[in-house]
Amino acid sequence: MTNPEFTLRPERAEDEPALRELAEAIFGPGRFARTPYRVREGAAVAGELSVTAWCGDELAGSIRFTAIRIGAAGGALLLGPLMIGAKWAGKGCGRALIEQGLTLARERGTALVLLVGDVPYYERFGFRRVPPGRITLPGPVDPERLLAVELKPGALRDYEGPVQGEQDGSS
Ligand SMILES: CC(C)(COP(=O)(O)OP(=O)(O)OC[C@H]1O[C@@H](n2cnc3c(N)ncnc32)[C@H](O)[C@@H]1OP(=O)(O)O)[C@@H](O)C(=O)NCCC(=O)NCCS
């Protein structure tokens, strides 16, 4: 069976109810206790990087990023949440959203993108494990799942220490 065509477009304010429903279905109320959520709490979403994927008029998926500082250094983003509706899983929607998100991030001059996720999935986009202890989040994270992609070659060298969300999202 061929994969459906996903239409990607920037997130809009009116998408919020559908996005909330998707988050509830995928992560449930437990999402508020996850460590990446603690970074995002009180930080500004990098709005111009928020992209939604649609199949007809149905929301299939969404990606967001938060501007972060790592130690003293800005210019980095935390990827997440990335959400694909169960009905659309494995049909290329995640790939389309990640590729689009990383393209936009590169265009705005982002040096490093960090995330907490499965290496077997994210390595295809260039994400690698962060050396243990180099970057810390405000809560427990399995070190096997703390991943980063350098959008500027060698960028990881410049990033060490605790992650904090940027208030103005402009990083
Ligand atoms: C994980 C997720 C983002 C993948 O998106 P998707 O649109 O289903 O994935 P794609 O269609 O782009 O890619 C499918 C491929 O990835 C593989 N894949 C999917 N999830 C994977 C995982 N966790 N580990 C390894 N491979 C995975 C599939 O087996 C498939 O492989 P193939 O290309 O060899 O057939 C999506 O399933 C999802 O939203 N899951 C729940 C929420 C989540 O975990 N979010 C990430 C943390 S914020």
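Which residues of H3 are buried? Keep that in mind while you set up. This is a predicted model, where local features need pLDDT of at least 70, side-chain atom pairs count only at pLDDT 80 or more, and totals for chains, interfaces and linings use all residues. Residues are numbered from 1 along each chain as its sequence is written.

**Stop 1: helix H3**

Select 93–107, which is helix H3. Helices (H or I, at least four residues) and strands (E, at least two) are DSSP runs, numbered from the N terminus. Colour Cys 93, Gly 94, Ala 96, Leu 97, Ile 98, Gly 101, Leu 102 and Ala 105: these are the buried ones in H3. Buried here takes 20 or more other C-beta atoms within 10 Å of a residue's own; 12 or fewer is exposed, in between is partly exposed, and C-beta atoms are placed from the backbone.

Now bring up what lies over them. The cover on the buried residues of H3 includes strand S1 (7–10), S2, S3, S4 and S5. Contact, for this purpose, is two C-beta atoms, placed from the backbone, within 7 Å.

Try the ruler too. The expected span of a helix is 1.5 Å times one less than its number of residues. The 15 residues of H3 should therefore span 21 Å, and the end C-alpha atoms are indeed 21 Å apart. Just past H3, click Gly 109, where phi is positive at about 90°.

**Stop 2: helix H1, for contrast**

Go to residues 16–27, helix H1. At 1.5 Å a residue its 12 residues should span 16 Å, and its end C-alpha atoms are 16 Å apart, so the two agree. How many of the 12 residues of H1 are buried? The count is 1, and H1 is hardly covered. Gly 28 follows H1 and has a positive phi, near 65°.

**Stop 3: the first strands**

Show S1 with S2: they pair in the antiparallel sense over 4 bridges. Pairing means that DSSP finds at least two bridges between two strands. Pick Arg 9 and you'll find its bridge partner in S2, Thr 52.

Move on to S2 (51–55) and S3 (58–70). These two are antiparallel with 5 bridges, and Cys 55 sits opposite Glu 58 in S3. They make a hairpin with 2 residues between the strands, and Gly 56 in the turn has a positive phi of about 60°.

Follow S3 to Ile 70, whose bridge partner in S9 is Val 163. S3 and S9 (residues 161–165) are antiparallel, over 3 bridges. S9 also runs parallel to S7 (residues 135–136), with 2 bridges joining them; look for Ile 135 opposite Gly 161.

**Stop 4: strand S8 and its partners**

Select S8 (146–150). Of its 5 residues 4 are buried, so S8 is largely enclosed by the rest of the structure. S5 pairs with S8 in the antiparallel sense over 5 bridges, with Leu 112 opposite Glu 150. S6 (residues 128–129) is antiparallel to S8 as well, over 2 bridges, and Arg 129 has Leu 147 as its bridge partner there.

Stay on Leu 112. Beyond its neighbours within four places in sequence, its contacts are Ala 76, Ala 148, Glu 150, Leu 151, Ala 155, Leu 156 and Tyr 159.

**Stop 5: the nonpolar core**

Leu 112 takes you into the largest nonpolar core, which has 44 residues. Such a core is a set of buried Ala, Val, Leu, Ile, Met, Phe, Trp, Tyr and Cys residues joined through C-beta atoms within 7 Å. Ile 68, Leu 77, Leu 78, Leu 112, Val 113, Leu 114 and Ala 148 touch the most other members. Which element gives the largest share of this core? That is S4, with 7 residues.

**Stop 6: S4 and the ligand**

On S4, zoom in on Pro 81. A cis peptide bond joins Gly 80 and Pro 81, with omega about -5°. Most residues other than glycine have a negative phi, and most peptide bonds are trans.

Next, show the ligand and the 17 residues around it; Ile 84, Gly 94, Arg 95, Pro 120 and Tyr 121 come nearest. Near means a C-beta atom, placed from the backbone, within 6 Å. S4 gives the largest share of this shell, 5 residues.

**Last stop: Arg 124**

Finish in the loop between H4 and S6, at Arg 124. Arg 124 is exposed, with 10 other C-beta atoms within 10 Å. Draw a line from its C-alpha atom to that of Glu 14, 110 residues away along the chain, and you get 32 Å.
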